[in-house]
Amino acid sequence: MQIQQIHPWPSSVEEATEIQETLRNQVITTDQLNTPIQYVAGVDMGFLEDGTMCRAAVAVLSFPDLKVVETSLVYRPTTFPYIPGFLSFREIPAILDALEKIKNIPNIILCDGQGIAHPRRFGIACHLGVLVDIPTIGVAKSLLVGKYEELPAAKGSWQPLIHKNETVGAVLRTRTGVKPLYISSGHRISLPTAIDYVLRCTSKYRLPETTRIADKLASNR
DNA sequence: GCGACAG
DNA sequence: ATCTTGTCGC
């Protein structure tokens, strides 16, 4: 797929913050999906050589049967450090390169990390979604910001994730009795719809199949 | 000023 | 993210 270069990559947190403050206005948190949903994708990163090199992986699966139809893997130098709140600047450059090699354009991309459940409402899922203009969902394994009430142990149960008096996402149990996932809108999708697709992309494990496959590729397992 | 802090 | 063995529980 073709990818537009919208902005240069920053070399400081100040520049990165400006980009976030600007692009956050382009995020859409209502449903704008192209139906029917035929392909869903997962993206993930792995680091090697003491973190100086990284590997970005994309896995495109058919929906709703969740069969792998295409994968992409790129190996690149790491260009930005990990700073909470600025994850996208570390991971997206390589992810875009991996996405560029994909031929089956996904209808939804599940990202490893937050969407609008972010201090400036612009987590990695929002950033990637705005850059490629594809619906994205933030699927994080741990909390960045917000609070929530404890939720039932049953798969499918969830609680709103609140930050500064605002619902920014959901804490979702994707597997009974297992730690929940933090779901939030990335771009062009609402929270209820995001929760629905995350559950429909999850079969036997805590993580959606999309991210599990991309995870394996990126870590070479 | 003191903690919290996606991957 | 990554370094790492066994171990508890369904």
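**Exercise 1.** Find which polar contacts (a pair of N or O atoms within 3.5 Å) link the protein to base nitrogens of DNA strand B.

*Solution.* Start at Gly 85: one of its polar backbone atoms is 3.0 Å from a base nitrogen of DNA strand B. Next take Ile 124, where a backbone N or O atom lies 3.2 Å from a base nitrogen of the strand. Then turn to His 118: here a polar side-chain atom is 3.4 Å from a base nitrogen.

This is a predicted model: local features need pLDDT of at least 70, side-chain atom pairs count only at pLDDT 80 or more, and totals for chains, interfaces and linings use all residues. Residues are numbered from 1 along each chain, and side-chain values use heavy atoms, without hydrogens and water.

**Exercise 2.** Describe the surface near DNA strand B (a heavy atom within 4 Å) by class.

*Solution.* Count eight nonpolar, six polar and three charged residues. Nonpolar means Ala, Val, Leu, Ile, Met, Phe, Trp, Tyr, Cys or Pro; charged means Asp, Glu, Lys or Arg; the others, Gly among them, are polar. Of the 17 residues around the strand, Tyr 82, Gly 85, Lys 141, Ser 142 and Leu 143 come nearest.

**Exercise 3.** State how helix α2 meets helix α3 (helices are DSSP runs of H or I, at least four residues).

*Solution.* Locate α2 at residues 87-100 and α3 at residues 124-132. Their axes (lines fitted to C-alpha atoms over the stretch in contact, angles from 0 to 180 degrees) come within 10 Å and cross at roughly 40°. That makes α2 oblique to α3 (not under 35, over 145 or 65 to 115 degrees). The contact (heavy atoms within 4.5 Å) includes Phe 89 and Ile 92 of α2 and His 127 and Leu 128 of α3. By class, it has 10 nonpolar, two polar and one charged residues.

Definitions and conventions. Chains are lettered from A and ligands numbered from 1 in the order in which they are written. Helices (H or I, at least four residues) and strands (E, at least two) are DSSP runs, numbered from the N terminus. A polar contact is a pair of N or O atoms within 3.5 Å; within protein, one must be able to donate a hydrogen and the other to accept it, and residues adjacent in sequence count only if both atoms are side-chain atoms.
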